[in-house]
Amino acid sequence: MTTIEMGKLLRAAATGCVVGCRVSQIDVPALGGMVRIPLDAEASQQVYGLIYDIHIDDDGLVRQLVTAEGVPQEVILDNRINRNVPLEISVVFIGHRQGERIFHSLPPRPPLTLDALYPCSPEELRCFSNAGNLGYLRHLLRLEEVPLGELVAAHLQQAAAVQQQAGNPTWWSKPCVN
């Protein structure tokens with residue numbers, strides 16, 4: 001499992017969460033990236049989600065720098081690296097794992113504030129997308145004001161790539177076997 005923490009939960013609900021991280025932690029997956037949140041110390045319970053928005057708020061200094069002329073590149077870089085305002089990543093929950101079983105349903109409870117968010121490894125993405133016939137995509141339909149087509153396309157492109165690497169190029173057309 002990937003152990004590089006992306007950020008910590010700011011707030012969560014039954015259907016999704018918002019995670020905060022520093023701008024310097026921007027090595028996070030992009031739109032459509034699959035992430036996981038361990039619900040227990042042993043990581044036997046995980047919540048899975050897709051990144052559907054990445055938001056960077058402004059602050060007073062940024063507003064001043066935008067209107068100033070000739071701002072040195074060092075000042076811009078310093079502001080990006082040392083910002084106190086977090087980058088916010090919005091995640092929609094698409095499933096969960098209990099022990100070795102993967103479910104394409106909402107988790108039994110949302111994660112708690114300050115729980116850590118991790119990017120899913122290619123193996124985790126492959127196992128999750130193999131667990132059913134893309135039924136988890138139904139969770140995206142409740143999102144409002146989201147470029148849904150772009151989100152689905154970005155995620156499916158990532159899932160198809162890991163499936164193809166695993167020798168399973170037609171993974172989406174296989175019947176669900178439990």
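Start by selecting Pro38 and Gln46: Gln46, in strand S4, is the bridge partner of Pro38. You're looking at a predicted model, by the way. Now widen the selection to strand S3 (residues 34-38) and strand S4 (residues 45-56), and you'll have two antiparallel strands joined by five bridges. Together S3 and S4 make a hairpin, with six residues between them. Click on Ala43 in that turn: its phi is positive, at about 60°. If you colour by confidence, S3 is a good place to pause, since the mean there is 96, the highest in the protein. The lowest mean, 79, belongs to helix H2 (residues 73-81).

**Across to S5**

Keep S4 on screen and add strand S5 (residues 87-98). These two run antiparallel as well, and 11 bridges join them. For a landmark, pick Ile51, which stands opposite Val91 in S5. Leave Val91 highlighted, because you'll want it in a moment.

What is the bridge partner of Cys17 in S5? It's Val91 again. So select strand S2 too: S2 and S5 are antiparallel and are joined by six bridges.

**S2, covered on both sides**

Show S2 (residues 16-21) with its side chains. How many of its six residues are buried? Six of the six are, so the strand is mostly covered. In a regular strand, side chains alternate between the two faces of the sheet. Try colouring the two sides of S2 separately: Gly16, Val18 and Gly20 are on one side, while Cys17, Val19 and Cys21 are on the other, and all of them are buried.

Next, add strand S1 (residues 7-12). S1 pairs with S2 in the antiparallel sense, over four bridges. Ala12 is the residue to click here, as it stands opposite Cys17 in S2. S1 and S2 form a hairpin with three residues between them.

**A long jump in sequence**

Go to Pro119, which you'll find in strand S7. Is Pro119 buried or exposed? It counts as buried, because its relative accessible area is 16% and the cut-off is under 20%. Now draw a distance from the C-alpha of Pro119 to the C-alpha of Ile4: the two are 115 residues apart in sequence, yet 7.5 Å apart in space. Pairs from distant parts of the sequence turn up a lot here: of the contacts in the protein with a separation of 6 or more, 73% are between residues 24 or more positions apart.

**Along helix H4**

Select helix H4 (148-165). H4 has 18 residues and spans 26 Å from its first C-alpha to its last, close to the 26 Å expected at 1.5 Å a residue. Colour Leu151, Ala154, His155, Ala159, Val162 and Gln163, which are the buried residues. Then turn the view to look down the axis of H4: the buried residues fall within an arc of 160°, so they line one face of the helix. An α-helix has 3.6 residues a turn, so residues three or four places apart point the same way.

What do the buried residues of H4 pack against? Show S3, S4 and H3 and you'll have the three partners. Swing round to the other side of H4 and you'll meet the exposed residues Gly149, Glu150, Gln157, Gln164 and Gln165. Just after H4 comes Gly167, with a positive phi near 80°.

**Two stops in the loops**

Select Leu114, in the loop between strand S6 (101-103) and strand S7 (116-119). Its phi is positive, near 70°, in a residue other than glycine. Leu114 is exposed, with a relative accessible area of 60%.

For the second stop, pick Glu145, in the loop between helix H3 (122-130) and helix H4. Glu145 isn't a glycine either, but its phi is positive, at about 55°. At 84% relative accessibility, this residue is exposed too.

**Zoom out**

Finally, show everything. You should be able to find four helices and seven strands. Reading from the N terminus, the elements go β-β-β-β-α-α-β-β-β-α-α. There are 178 residues in the protein, and 40% of them are buried. Switch on the surface and you have about 10,000 Å² of accessible area, 54% of which belongs to carbon and sulfur atoms. As for confidence overall, the protein averages a pLDDT of 86, and 89% of the residues score at least 70.

Key:
Residues numbered from 1 in each chain as written. Heavy atoms only, no water. Pairing = 2+ DSSP bridges. Buried < 20%, exposed > 50% of the residue type's maximum accessible area, 1.4 Å probe, protein only. Contact = heavy atoms within 4.5 Å. Areas by Shrake-Rupley, 256 points an atom, 1.4 Å probe, with all protein chains shown as cover. pLDDT = per-residue confidence, 0-100. Expected span 1.5 Å × (residues − 1). Arc of directions from axis to C-beta.
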